[in-house]
Amino acid sequence: MTDLKSMTQEEMTASLKALGEPAFRGKQIFTWLHRGATSFDEMSNLSKALREKLKGEYLLTPPRVARKQVSRLDGTIKYLWELSDGNCIESVLMQYHHGNTVCISSQVGCRMGCAFCASTVAGKVRDLTPAEMLDQVIFTQKDSGLPISNIVLMGIGEPMDNLNTVLRFLELVNHTDGLNIGMRHISLSTCGVIPGIDRLADLGLQLTLSVSLHAPDSETRSRIMPVNRAYDVEKLFDACHRYFQKTGRRISFEYAMIDGVNDQDWQADLLAKKIRGMPGHVNLIPLNDVVESPFKPSKRVAAFQKRLESHGITATVRRSLGGDIDASCGQLRRKAMEEQKKGVDAP
Ligand code: SAH
């Protein structure tokens, strides 16, 4: 059966035409699905006979809310979604002054192996489909009742490792008959997969590129991010400069501050030197303590920020939301997996 919701509107129209339906059906059904319909039976402007026919042709796979945690501190909502094959992924809804932002996953698990990250501990299970990415936005909005204006691709997975799907997701979420979220309201975060950065640069999309840098020197970066052994930080900065030259868009560098690893003054100096020549912005992230990881949060965040600013580099410290609900990357999925394992292993 065909995954209807992953189709563009043009593809839907063509597919329905092949079933003998008029062209306007594509737009009709696209609109229903993007408004959050979970079955053909909800599509009240289609005949009963057509709805039955569609059920036999197309598969709809809406996710189920497996868990939901609401922060008492700031209203951040974390969803653990169960997908149609039983796998779980996370999304987080954050309420900011500039609007509601949802952070979504792009893969089930991750194969990038960053040493400080909970999402990659058990590796990658599979890529998400475009529909599964889109549904995180649609059903977070539907369940919470909060209109979503911004999207960040900073959940579980490496977007550049599933880039064709991500590009299609962007097209879908951007569509005027769908959620109609503008590219300038979307951020894509990568651990530094250079061919993906170059491909995005060629497309010239108006989204914000975030690069998870976490260290300006090759030795430290290879130690905490295996991806650096394939795409070295020197070449990564070249790619970032190319990206800026082609798109004119400012890059945001993510930098999780790890005690004694990447928080030294010489690293701030080196980072500033490498960014020079393009309008980069550094986002300092207080490290989230992940149980499985030997790394601890740095106590030098403010000093590091000052040092960067002394070189004329703008750096902000990310405000931490949802501190009471495991709201950071991959933590809720890890917890659910652990509990499931314990349940199975128990005598
Ligand atoms: N794979 C992409 C998308 C994940 S985004 C990427 O690497 O950019 C999630 C962001 O949170 C990344 O910047 C990631 O490096 C960061 N992160 C992961 N674990 C973290 C932790 N324990 N503390 C702080 N930030 C973390």
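Contact here means heavy atoms within 4.5 Å. Keep that in mind for the legends below, which all show a predicted model.

**Figure 1. Val-152 and the residues around it.** Val-152 sits in strand 9, which covers residues 148–153. Setting aside the neighbours within four places in sequence, Val-152 is in contact with Met-94, Thr-101, Val-102, Cys-103, Ile-104 and Ser-187. Is this valine buried or exposed? Its relative accessibility is 15%, so Val-152 counts as buried, given that buried means under 20%. For a sense of scale, look for Leu-83 too: the C-alpha atoms of Val-152 and Leu-83 are separated by 20 Å, and the two residues are 69 apart along the chain.

**Figure 2. A salt bridge between Glu-21 and Lys-53.** Here the two side chains meet with an N to O distance of 3.6 Å. Which parts of the chain does the pair link? Glu-21 comes from the loop between helix 1 (9–18) and helix 2 (24–34), while Lys-53 belongs to helix 3 (residues 48–57), so the bridge ties together distant parts of the chain, 32 residues apart. The two partners don't share a burial class: Glu-21 is buried, with a relative accessible area of 13%, whereas Lys-53 is partly exposed at 35%.

**Figure 3. Arg-242 meets Asp-198, helix to helix.** This salt bridge has an N to O distance of 3.0 Å. Arg-242 is in helix 9 (residues 233–247) and Asp-198 is in helix 6 (residues 194–203), which makes this another link between distant parts of the chain, with the two positions 44 residues apart in numbering. How exposed are the two ends? Arg-242 is partly exposed, at a relative accessible area of 34%, and Asp-198 is partly exposed as well, at 22%.

**Figure 4. Asp-289 paired with Lys-296.** The closest N and O atoms of this salt bridge are 3.2 Å apart. Asp-289 has a relative accessible area of 43%, so it falls in the partly exposed class. Lys-296, with 40% relative accessibility, is partly exposed too.

**Figure 5. A network of salt bridges.** Which residues take part in this one? Asp-41, Lys-48, Glu-52 and Lys-55 are linked together by salt bridges. Stepping back, the structure holds 24 salt bridges. The protein carries 44 positive and 40 negative charges, and the mean positions of the two sets are 2 Å apart.

**Figure 6. Zooming out, to place the close-ups.** Twelve helices and 14 strands make up the secondary structure of the protein. Why call the protein as compact as a globular one of its length? Its radius of gyration is 21 Å, and the globule rule gives 20 Å for 347 residues, which is close. Along the principal axes, the C-alpha atoms fill a box of roughly 70 × 60 × 40 Å. Buried residues account for 54% of the 347. Of the contacts with a separation of 6 or more, 67% are between residues 24 or more positions apart. As for the outside, the accessible surface comes to about 15200 Å², and 52% of that belongs to carbon and sulfur atoms.

Conventions
Residues are numbered from 1 along each chain as its sequence is written. This is a predicted model: local features need pLDDT of at least 70, side-chain atom pairs count only at pLDDT 80 or more; totals for chains, interfaces and linings use all residues. Side-chain values use heavy atoms; hydrogens and water are left out. Helices (H or I, at least four residues) and strands (E, at least two) are DSSP runs, numbered from the N terminus. The radius of gyration is taken over C-alpha atoms; the globule rule is 2.2 Å times the number of residues to the power 0.38. Buried means under 20% relative accessible area, exposed over 50%, partly exposed in between (1.4 Å probe, protein chains only). Accessible areas come from the Shrake-Rupley method with a 1.4 Å probe; for residues, only the protein chains shown count as cover. Lys and Arg count as positive and Asp and Glu as negative; His and the chain ends are not counted. The place of a charge is taken as NZ of Lys, CZ of Arg, CG of Asp or CD of Glu. A salt bridge is a side-chain nitrogen of Lys or Arg within 4 Å of a carboxyl oxygen of Asp or Glu.
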